Amino acid sequence: MTLAEPTAVATTPQAPAEPVTDWDGFDFETRQVHAGEYPDLNTGLRVPPIALSAGYVFDSFDDQVGRFAGQAQTDEGPEPGPIYSRQGNPTNGVAEARLASLEGGTVAVAVSSGQAAISSALFTLAQHGDHIVSTASIYGGTRILFGRSFKRFGIETDYVWDVEDDAEWDRVIRPNTKAIYTETIPNPRNDVTDLRRIAAVAARHNLPLVVDNTVGTPALIRPIEHGANIVVHSTTKFLTGHGAAVGGAIIDGGTFDWEAAEQAGRSFPLVTASPRPGLGSMLDRFGRGAYARAVREAVVNDIGPSLSPFNGFLLHQGMETLSLRMDRHVDSSLEIAAWLEEQPEVESVDYAGLPSNPLFELAQRDYGVDASGRGRTGSVFGVTVHGGIDGARAFVDGLRVFSRMTGIGDTRSMIIHPLSSTHATFGSEINDRLGITPGLLRLSIGLESSGDLIQDLRAALDRV
Ligand SMILES: Cc1ncc(COP(=O)(O)O)c(C=O)c1O
């Protein structure tokens, strides 16, 4: 008997496939499925596989020389090939190209967590002796990051409490300020941000505007369209979508005028200075993708918060259903927020999409509206029950479908008490100003049936 020859998979090594990024002009729903995919030249696999390899083979001595020189060469020729997975990986490359497309940016860099994304984004702009300005209402972990690690590394942060007050911005921005930082939909209070207003301040001061769009996601708002220059994400949340993998990303909008900023006295040496004699700056060599290149080569490669390709796979797969999931998250949130507002045990609901909210008009202008004219401001919001901390305890302990846990943007609904968790270290001076009160709870509405969630909330409110 003659055995059939095994099918040849590949007889000669193939050039590494490049992500297919030319999906411009296609709708969001098409790009979230296709942008960044690459043809697997060896096997024809339809789903980009998990490339679990720490490094890459050099074809020859000269190839190695060329690849290393490629990181530093001044010509405009093609990239000579990858070196090591700390700098990039084909699986993560799919996620990066997809996210850059969805956010409307030039280049994205995937990293190991949202905190790594924020740190890497800002370390590329600011160094010891520099300063950043942030809006006051941001994720508690970011406030801790700025107040502890950034401070230890010699980067100071000032906060602006009234985004509408130009004089307050002008008071805190200094000659050594290197970035303005904000979020689209801060939690727990769903106090959506007027990006255009902040972008105008940033432009007036020649500062890049860095926006955390974790809670908004590009399905609800694309900060670059509103004047942001750089977008960061905790991809742990809605983008990966299922609560299984920690990750982060930085997206370069390609819109910041680095030369004008330099001329105005704001220096960004990792982007605009030559790293060594004979070599052009990132800006000279990579134009509108220069900042992302600096993030990857000068910060992520040095410090090392690379994303596992396994998590990169979950991220690019998660993004394929982003808009579908966000529609559902938002529809349920609107229904539940409106319902909660009517309950006698509830003191207040912080959801900018509701007409009763002071930010409703802004929500309608910038964050999309549903069929009945309400804003689509995500699925993470605050609810305050009567009875302070005792009311909060009784309510939380009465829930069954909601998980008591830290985290947001999961398929599962979650609840946490901010004053004793995310905001526990800030003290009353800050928490009072932020509206973090004893009875406030943060909800993250998942993909379960809204009817079941309402029943669960009703049963728990009975105990308040
Ligand atoms: C808005 C926002 N940014 C950043 C982070 C940090 O992300 P990670 O937990 O992936 O480090 C979080 C985490 O909850 C967040 O909510």
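Me: Which hand does the crossing of helix 4 and helix 5 have, left or right?

Reply: It's a right-handed crossing. Keep in mind that the model is predicted. The label is used because the near helix is turned clockwise from the far one by less than a right angle.

Me: What makes helix 4 oblique to helix 5?

Reply: The two helices pack at an angle of about 45°, and their axes are 11 Å apart. Angles under 35 degrees would count as roughly parallel, and the roughly perpendicular range is 65 to 115, so an angle of about 45° falls into the rest. Helix 4 is therefore oblique to helix 5.

Me: Which residues make that contact, and how do they divide by class?

Reply: Helix 4 brings Q115, I118 and S119, while helix 5 brings G141, T142 and L145. By class that's two nonpolar, four polar and no charged residues. I118 and L145 are the nonpolar pair, because Ile and Leu count as nonpolar. G141 goes with the polar ones, since Gly is counted there.

Me: Why are helix 14 and helix 18 called roughly parallel?

Reply: Helix 14 (residues 322-341) packs against helix 18 (residues 450-461) at an angle of about 30°, with the axes 10 Å apart. The cut-off for roughly parallel is under 35 degrees, so about 30° qualifies. That's why helix 14 and helix 18 count as roughly parallel to each other. Their crossing is right-handed.

Me: What makes up the contact of helix 14 with helix 18, by residue and by class?

Reply: From helix 14 you get S332, E335, I336, W339 and L340, and they meet S450, L453, I454 and L457 in helix 18. These residues divide into six nonpolar, two polar and one charged. E335 is the charged one, because Glu counts as charged.

Me: How do helix 3 and helix 13 cross, left-handed or right-handed?

Reply: Left-handed. Helix 3 (residues 90-103) and helix 13 (residues 309-319) pack at an angle of about 35°, with axes 8 Å apart. Helix 3 supplies T91, N92, V94, A95, R98, L99 and L102, and helix 13 supplies P309, G312, F313, L315, H316 and M319. By class that gives eight nonpolar, four polar and one charged residues. R98 is the charged one, since Arg counts as charged.

Me: Which residues come nearest to the ligand?

Reply: S113, G114, Q115, S234 and T236, out of 15 residues around the ligand. Helix 4 (114-123) and helix 5 (140-152) are the elements giving two or more residues to that shell. The shell divides into four nonpolar, nine polar and two charged residues.

Me: How is the chain divided into domains, and how far apart are the domain centres?

Reply: Domain 1 covers 28-53 + 89-319, and domain 2 covers 322-461. Their centres are separated by 27 Å, taken over C-alpha atoms. The contact takes 32 residues from domain 1 and 34 residues from domain 2. On the domain 1 side, helix 1 (28-34), helix 5 and helix 8 (217-220) each supply at least two residues. That side divides into 15 nonpolar, twelve polar and five charged residues.

Me: What is notable about phi of N190?

Reply: Phi is near 55°, a positive value in a residue other than glycine. N190 lies in the loop between strand 4 and helix 7. P188 is found in the loop between strand 4 (177-183) and helix 7 (195-204). The peptide bond from N187 to P188 is cis, with omega near 15°.

Note on methods
Residues are numbered from 1 along each chain as its sequence is written. This is a predicted model: local features need pLDDT of at least 70, side-chain atom pairs count only at pLDDT 80 or more; totals for chains, interfaces and linings use all residues. Axes are lines fitted to C-alpha atoms, for helices over the stretch in contact, and angles run from 0 to 180 degrees between N-to-C directions. Helices (H or I, at least four residues) and strands (E, at least two) are DSSP runs, numbered from the N terminus. Angles under 35 degrees count as roughly parallel, over 145 as roughly antiparallel, 65 to 115 as roughly perpendicular and the rest as oblique. Two residues are in contact if their C-beta atoms, placed from the backbone, lie within 7 Å. A residue is near a molecule or strand if its C-beta atom, placed from the backbone, lies within 6 Å of it. Domain bounds come from an automatic or database domain assignment.
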